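The following note is offered to a colleague reviewing the structure shown below. The points are numbered so that each may be taken up separately.

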Amino acid sequence: MRTYAGHSTAKESNELYRTNLAKGQTGLSVAFDLPTQTGYDPDDELSRGEVGKVGVSIAHKGDMHTLLDGIPLDEMNTSMTINATAAWLLALYMTVAEENGVDRHSLQGTTQNDIIKEFLSRGTYAFPPEPSMRLIADMIAYTVDEVPRWNPINICSYHLQEAGATPVQEIAYSLSAAQAVLDRVRPRVSEETFPRVFGRMSFFVNAGIRFVEEHAKLRAMGRLWEELGRQRYGVDDERMLRFRYGVQVNSLGLTESQPENNIIRIVLEALAVTMGREARARALQLPAWNEALGLPRPWDQQWSLRIQQILAYETDLLEYPDIFEGSKVMDGLVDELVHGAREEMQVVAEQGGAVAAVPYMKTQLVESNRERMRRIEAGEQKVVGQNVYTEAEPSPLQEGEDGGILRVDAAIEQSAIDAVQEWRAGRDEAAAGAALDALREAAADPDHNIMEPTLAAARAGVTTGEWAAALRDVFGEYRAPTGVGDAAAAASDDALRALRDRVDEVSEALGRRIKILVGKPGLDGHSNGAEQIAVRARDAGMDVVYEGIRLTPARIARTAVDEGVHVVGLSILSGSHAELIPTVLAELREAGADVPVVVGGIIPPADEVALLDAGVARVYTPKDFEVTRIMGDIVSLVAERNGVVAVS
Amino acid sequence: MPSPDPAELGRRLREGDRSAAPAALNVIENRADRDATRALLAEVSPAMLGGEPAAHLIGITGPPGAGKSSLLSALVSEWRGRGRTVAVLAVDPSSKRSGGSLLGDRARIDHDPRDDGVLIRSTAAGGRLGGLAAATREAAEALAPAFDAVVIETVGVGQSETDVEDVCDTVAVVVQPASGDVLQFLKAGIMEVPDLLVVTKADLGDVATRSRRDLGQALKAVGSTGVPVLAVSSVPPPSGIEELADALEEHRGRSDLSARRVRARRGAALREFTAEHGERALRELGGRRAAERLLAGQDERASVTDLLGALEAGR
């Protein structure tokens, strides 16, 4: 039992961990900030506004020492949500253990390390697909003997559902990703070792609100996993064939309106993964009820921890064998999912496997998500408090000076910048340089395992940004497919047809088609919202410039000017809007672009006012779920700013 | 926001002021105010420039997924390394149903946003506002005095929907290994022989080498032996990019640039005249050959606008 936590500085996170351990939590789950996740130091231009935001900033082994201070690593089970830079963060963790005299063989924990879902959904990748897969394979091949109690990878179907995946897609794409990893590890380890590698693979699954179907999904995954082990990899040891998974319940379905209802959703979703023993989660993480509003406070996280404790200690849930054994209905549901997933896995295999099929899978997810949003907009899928039963009493939970969310001190970024510069000035520069040279050399040789040179770099005081930059030198930069270009045109409904007519009218009056730039400033890679806006704008008849994630404010301003757009739409979910949006506005002004800017994201009401004051034309938050209406609003804005009167 | 004066924008471009480029393109894309475009282009005509603009006009075309954007990214940084400025006009397909389009998704060309020596502009093909071929030709004309290279990137193989290749000094067709279509198109004569063929993804090894050889043979079969076939890879470590930049340069050096441009302007004038007034107007001039003769009699420095004027006067 644990909650996903970590914020701002290593020192503050350390205090939070110690408090949580004292409250009965049995492990650590470390959240890193986006610069750490994508391989940039706090003083990098791209890190601006993101340092310490969604997790803790770890720039070198000194930070890791502070983070783990006073925590007994040989007794701890530590889960790290880290992917592109997983090899590096594991090396830092191992270095701290080593320097504290803890044997690496006793270390227990998990690195998430599933890069394919980063390309598909979460966006915190750092290197191109094949080199990224190689880092993963290297890590798995290394840890299986050197850190044998470590789960080097945790394949995440979780984020696929967050990106809109149907249950069948969630199963098929995550198992295909696991297969892509295993295929690459197999040649790196001996035949006797391989079953242990298979047994070390674990999954991180999503549990949505349709909790009966979700339970069936987990049973289906277990069945397909065993099948894969036996048939493709010849594993026959029962213990190694067990489908091991942890769960974070669905965030996508949590609402901003009437947020107190979310606690009920979370309980039901937790049931999906605990009620049948045959498919019970080994680890459960629950989000906070107010995630759609901003960063949860310690109290919010405590509430989520209590749900798990009540389920485990008060209910009779854990007292029975599998309660669905022999159920005709459950077996039928599982069969259907297994069948659908097998077919979809075949499609991925025909594309050349999960790595080659990233563009295909991405497009499928964008389309599924669009269908989901359409159903909610049309009222076909009911969301209580959002599109039905919307009248509500004011919530006492949201009262109080903090508005019900946690705020990160803006001064943290500057102190992190100072600290990393001080760290670099204080270390043995020649040793750090030599370690980086050795790292580059190893990276260039595909037969060389990356872990040893990475550990050497960690010991030598190299920083996160330097480690990643050295690998970028060899592997190159990469931008993932956005999936929007190939998304099929939307089915027309009356609202969309009316919108298209307005877009045409305003475009005629402007002399050229309305052109919108959709962008994601900063390091936040959660692009679902931006993608849906981009696709809908296209379907509404606009020319859409969408360049994907991780854009600097300077880049956004430059593109807005060069492309001659009429309006700029920005999406931020990492909470860094207060820093990044005003910077984009300033860059636009400097570049001489007098275009309106609209912003979408998880933006608390007080920040909304501040953004509007700073010159933002419109702010949209998760409660604005009617995308077609947002589009209409943007068309009016363009018409108004250009002195064009749109009929209607 | 007050609209900038089109003639002023044209004058600034003529003097090499690249910061005028985005606003100039806004004017040109505005199909509702053709007079503004004409006023702008008059300032950058060969007559005003005192000759042909120095820019190298390059067409890069190929099927979707061939790796054009990655290739252009690498090429842009190669050119910048050589101190050359570059403008890229990327033409994307648009949705037939909505008229809208997603731009920039394929054409992600990485460059330093603070570097004013690079301009990337994407436009939608088709759309009900029309006139893409003309607008792209006009855009290239406007940018040519201010950039060392103007690249027009289009999607397609063989017959382009946009005819923009006709505007360019050098046309390169980009294909990925094992794309049999291109081979067949070349052999069947469906596809015009480009000035340069580029096979991407050279890092794939044998399959790229084989493609390169097959294309070379196909070119030989249709009697085009002088067309270079290059293999490039844009994934690190990139390869063939320097050679490609050299080959583009070399093609430009060996072709009669001004003759090609005069021909291109006359061709564009005829095409745009027909597109605007129809075949019937052409017959009023005494047919296509008569129109061509009329154009051949015009001054070599005459701009497309002038040539269009001459055709209209001849009706």
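1. Val545(A) stands opposite Leu103(B), a residue of strand E3(B). This pair belongs to a junction between the chains in which strand E10 of chain A, residues 543-546, runs parallel to E3(B) and is joined to E3(B) by 3 bridges. The model is a predicted one, and the pairing should be read on that footing.

2. The contact between the chains draws 37 residues from chain A and 32 residues from chain B. On the side of chain B that touches chain A, helix H2 (21-29), strand E3 (101-103) and strand E4 (118-124) each supply at least two residues. E4(B) gives the most to this side, with 5 residues. By residue class, the side of chain B that touches chain A comprises 13 nonpolar, 10 polar and 9 charged residues.

3. Chain B itself contains 13 helices and 8 strands. Its radius of gyration is 20 Å, close to the 20 Å that the globule rule gives for 315 residues, so chain B is as compact as a globular protein of that length. Taken along the principal axes, the C-alpha atoms of chain B fill a box of roughly 60 × 45 × 45 Å.

4. Two further values describe the packing of chain B. Of its 315 residues, 51% are buried. Among the contacts in chain B with a separation of 6 or more, 75% are between residues 24 or more positions apart.

5. In chain A, an open sheet of 4 strands merits attention: the order is E1-E2-E3-E4, and the pairing is parallel. Strand E1 (28-31) and strand E4 (150-151) are the edge strands of this sheet, each pairing on one side only. As for E2(A), 4 of its 5 residues are buried, and the strand is thus described as mostly covered.

6. The bridges of E2(A) may be checked on both sides. Towards E1(A), the pairing is parallel and extends over 4 bridges; Ala31(A) has Thr81(A) of E2(A) as its bridge partner. Towards E3, strand E2 (residues 77-81) likewise runs parallel, with 4 bridges to residues 108-111 of chain A. Within the latter pairing, Asn77(A) faces Gln108(A) of E3(A), and Thr78(A) stands opposite Gly109(A) of E3(A). The connection from E2(A) to E3(A) passes through helix H4 of chain A (residues 86-99), forming a right-handed β-α-β crossover.

7. Which residues touch the most other members of the largest nonpolar core? They are Ala534(A), Val544(A) and Ala560(A), in a core of 196 residues. Val544(A) lies within the range 543-546 given for strand E10 of chain A. When residues up to four places away in sequence are not counted, Ala560(A) touches Leu517(A), Val565(A), Val568(A), Leu588(A), Ala593(A) and Val595(A). A second, separate core has 85 residues, and Leu143(B), Ala231(B), Ala269(B) and Ala291(B) are among them.

Technical notes
Residues numbered from 1 in each chain as written. Chains lettered and ligands numbered in written order. Predicted model: local features only at pLDDT ≥ 70, side-chain atom pairs only at ≥ 80, totals over all residues. Pairing = 2+ DSSP bridges. Core = buried A, V, L, I, M, F, W, Y, C linked by C-beta atoms within 7 Å. Buried ≥ 20, exposed ≤ 12 C-beta atoms within 10 Å, placed from the backbone. Contact = placed C-beta atoms within 7 Å. Right-handed = clockwise from strand over helix to strand, strands pointing away. Rg over C-alpha atoms; globule rule 2.2 N^0.38 Å. Nonpolar A, V, L, I, M, F, W, Y, C, P; charged D, E, K, R; others polar.
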